[in-house]
Amino acid sequence: MFTPRRPFIHLAIGMALLAAALPLKLEQARAQTGIVVENIKTEVAFGRSIIFSAKISAPLTIKQISLLFRGVNETVTRVETLQPDADGNTRFEYDASQNVFPPFSKIVFWYQATLEDGNTYTSPPTEFNYDDNRFAWRTITRANVSVHWYAGDDAFGSAALDAAGAGVLAFNTLYPVAFDQPLNIYIYSNADDLRSALPLGGADWANGHAHPESGIALAAIAPGDSQKIEMETILPHELAHILLYRALGQSYFQQPAWLLEGVASNLELYKNLGYDQALRDAAAKDGLIPMRDLCAAFPADSGSAYLAYAQAESFIQYIRGAYGNGKIATLTAAYAEGLTCEIGVTKALGIPLNQLDQNWRETELHQNVFGAALKTLAPYLALMALVLMVPLWGLIDFLIHKIRYGRK
Ligand SMILES: [Zn+2]
């Protein structure tokens, strides 16, 4: 691992030394100005390669040249040693087939050269967009929202823009945020195209994805009869993730999964009718996931993940109804303080997470939690009934017998 050096530091130190040591011979002075990097170029073949090329020269012999690069939101910098040709031209081809950089993210790179005087000089950084250029994207922009798509007509782009705008308005009912930074939405025409763009391929059931820190939402929506419903479902959900991040900053990453996904799912403009059925089925067979198990992350397999989204959506809806919309911000503020998943609920709503979970089940799903508990306690209750019926000595007899022979 390598921590990036701040660019310019070497140059700045060089210039300070120069000022202190005047007069210097011209050649020495030029050496202090470090390296010259020209003809800087990057060529992206998305999902395949990134080619970095540049011509690097210096007044002194160059001992070693390195290329350093990373995603702008990453902390790890990749370092590659380069072999320049006789004219100082360098070329490095990075294998991007593992999709380690998210699509449409920004990558920053710079060069470092060690000269024969032993000093290392760093070039100013250059940024470029790692765009998914496998498709011919079209763009429509209004206010700070841009929609990019490659399948479908003009009306498709306009409809997506409208759905995104409706999503932003809906979000404002929960969190008034200044809408002063750009949002970019990229709509793939099918789930395979979307998944092939995501690091590690993404979950196989996902039809939307957000990079909150970059202000980028990705979706898979096919042009056709169901496009409007899909746009008004997926886009507000993914935009909610971005806007939540903008409202919460880094504390976004401290929030429980059920809270983030619950809020995002609540802002979908169409209610997912399949969620109700999934909740009813799970409640009937006592198969709901305890909310405390949805704090860190959602299950990876599609069936459990679907139920987790259904629960989170219903859970947040219950909190909004029972405690008011304002309590959602109170909850996120509690988690921003670093409170645990359990304690955050207690602090914000005055009730432990488990109790809130039970109240939600009883109110929204009419699940008889007491009845379910009775079922679990049945063997003990039978024992209790026996205890009450058997006379005292009989009971003692029973216990002795149980202790002697009955223990497993
Ligand atoms: Zn989500």
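This passage describes a pocket, a helix and a loop residue in a predicted model.

The second largest pocket holds about 320 Å³ of space. Its lining counts 18 residues. Lys-106, Glu-213, Ser-214, Gly-215 and Ile-216 lie nearest the centre of this pocket. Seven of the lining residues are nonpolar, seven are polar and four are charged. Strand 6 (105–115), strand 11 (183–188) and helix 5 (227–248) each contribute at least two residues to the lining. The second largest pocket lies between domain 1 (9–130) and domain 2 (135–248), because both domains give residues to its lining.

Helix 5 also appears in the surroundings of helix 9. Helix 9 spans residues 326–336. Its buried residues are Ile-328, Leu-331, Thr-332, Ala-334 and Tyr-335. These residues cover an arc of only 155° around the axis, so they sit on the same side of helix 9. The cover over them includes helix 5, helix 6 (257–266), helix 8 (302–323) and helix 10 (341–349). Gly-338 follows helix 9. The phi of Gly-338 is positive, near 95°.

Ala-206 is found in the loop between helix 4 (191–197) and strand 12 (208–211). Ala-206 has a relative accessible area of 13%. This value is under 20%, so Ala-206 counts as buried. Leaving aside residues up to four places away in sequence, Ala-206 touches Leu-194 and Arg-195. Ala-191 lies 15 residues from Ala-206 in sequence. In space, the two are 7.5 Å apart, C-alpha to C-alpha.

Methods:
Residues numbered from 1 in each chain as written. Predicted model: local features only at pLDDT ≥ 70, side-chain atom pairs only at ≥ 80, totals over all residues. Heavy atoms only, no water. Helix = DSSP H or I, 4+ residues; strand = E, 2+ residues; numbered from the N terminus. Buried < 20%, exposed > 50% of the residue type's maximum accessible area, 1.4 Å probe, protein only. Contact = heavy atoms within 4.5 Å. 1 Å grid on protein atoms, 1.4 Å probe; cavity = no way out; pocket = protein on both sides within 12 Å on 5 of 7 lines; lining within 4 Å. Points joined across faces, edges and corners; volume = space filled by probe spheres on them. Nonpolar A, V, L, I, M, F, W, Y, C, P; charged D, E, K, R; others polar. Domains from an automatic or database assignment. Arc of directions from axis to C-beta.
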